[in-house]
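Here's a quick tour for anyone meeting this structure for the first time. Have a look at the model, then read on.

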Amino acid sequence: MEKRNTVFIAKSLDGFIADRNGGLGWLEAVPNPEHKDMGYGQLMANTDAILMGRVTFETVCNFDCDWPYTKPVFVLSKTLSEVPKAYIGKVELVYGELKDIIESLNQKGFNRLYIDGGSTIQSFLKEDLIDELILTTFPILLGGGAPLFSSLQKELEFEHVSSKLHLNQLVQDHYKRKR
């Protein structure tokens, strides 16, 4: 089976994934009365597991809804020593070198991974472990906050696969890593 690490994330025009206070309210700036998922359902249908960072996990835990995932979720953390009681059986903590974590998950049959969380995405990019980027750009300048990208030791080339317009305002670009 194909092994693939995919990023699917929204960003502002200036490249931020959260505002200065870590907020995500700007994601509601574009009305979506029909609750279109903009490809998320298709992504999840083709995903074996989710690997997210601790901050993203804590953000999801604070959403005012039931646990939103049906796929196995692995939380990458250097600081959490145990899963909070409310999430036992819903997530598993993983530690160590990213390549080792990926190899371990692949050996367990989790070959198509959805990578989520700013610092986690940046770390995966630094290790050249991202195969696919699906980026949805919102027409807003946040002027600061959590950046999607950080500096890299070397250039990483991606091939543009497609662009889609959602809700007449959101541009979703799909890129695959050139290898």
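In this predicted model, helix H2 runs over residues 54–61, and its buried residues are Thr-56, Phe-57, Val-60 and Cys-61. They span an arc of only 140° around the axis, so they sit on the same side of H2. What do the buried residues of H2 pack against? Their partners are strands S3 (49–53), S4 (73–76), S5 (91–94) and S6, plus helix H4 (118–126).

Helix H3 (residues 98–107) can be read in a similar way: Leu-98, Ile-101, Ile-102, Leu-105 and Asn-106 are its buried residues. Their arc around the axis is only 135°, which puts them on the same side of H3. The cover over them includes S1, S3, S4, S5, S6 and H4. After H3 comes Gly-109, with a positive phi near 95°.

Here are the two helices again:

| Helix | Residues | Arc of the buried residues |
|---|---|---|
| H2 | 54–61 | 140° |
| H3 | 98–107 | 135° |

Now for a charged residue. Asp-116 belongs to strand S6 (residues 112–116). Asp-116 is buried but has no salt bridge, and the nearest side chain of opposite charge, Arg-54, is 14 Å away. Leaving out neighbours within four places in sequence, Asp-116 has contacts that include Thr-56, Leu-51, Tyr-69 and Ile-121.

Finally, there's some empty space to look at. The second largest pocket has a volume of about 270 Å³. Its lining is made of 14 residues, with Gly-39, Gln-42, Leu-43, Ile-134 and His-174 nearest the centre. Elements giving two or more residues to that lining are strands S1 (4–12), S7 (132–138), S9 (158–166) and S10 (170–177), along with helix H1 (40–45).

Conventions:
Residues numbered from 1 in each chain as written. Predicted model: local features only at pLDDT ≥ 70, side-chain atom pairs only at ≥ 80, totals over all residues. Heavy atoms only, no water. Helix = DSSP H or I, 4+ residues; strand = E, 2+ residues; numbered from the N terminus. Buried < 20%, exposed > 50% of the residue type's maximum accessible area, 1.4 Å probe, protein only. Lys, Arg positive; Asp, Glu negative; His and termini not counted. Salt bridge = Lys/Arg side-chain N within 4 Å of Asp/Glu carboxyl O. Contact = heavy atoms within 4.5 Å. Arc of directions from axis to C-beta. 1 Å grid on protein atoms, 1.4 Å probe; cavity = no way out; pocket = protein on both sides within 12 Å on 5 of 7 lines; lining within 4 Å. Points joined across faces, edges and corners; volume = space filled by probe spheres on them.
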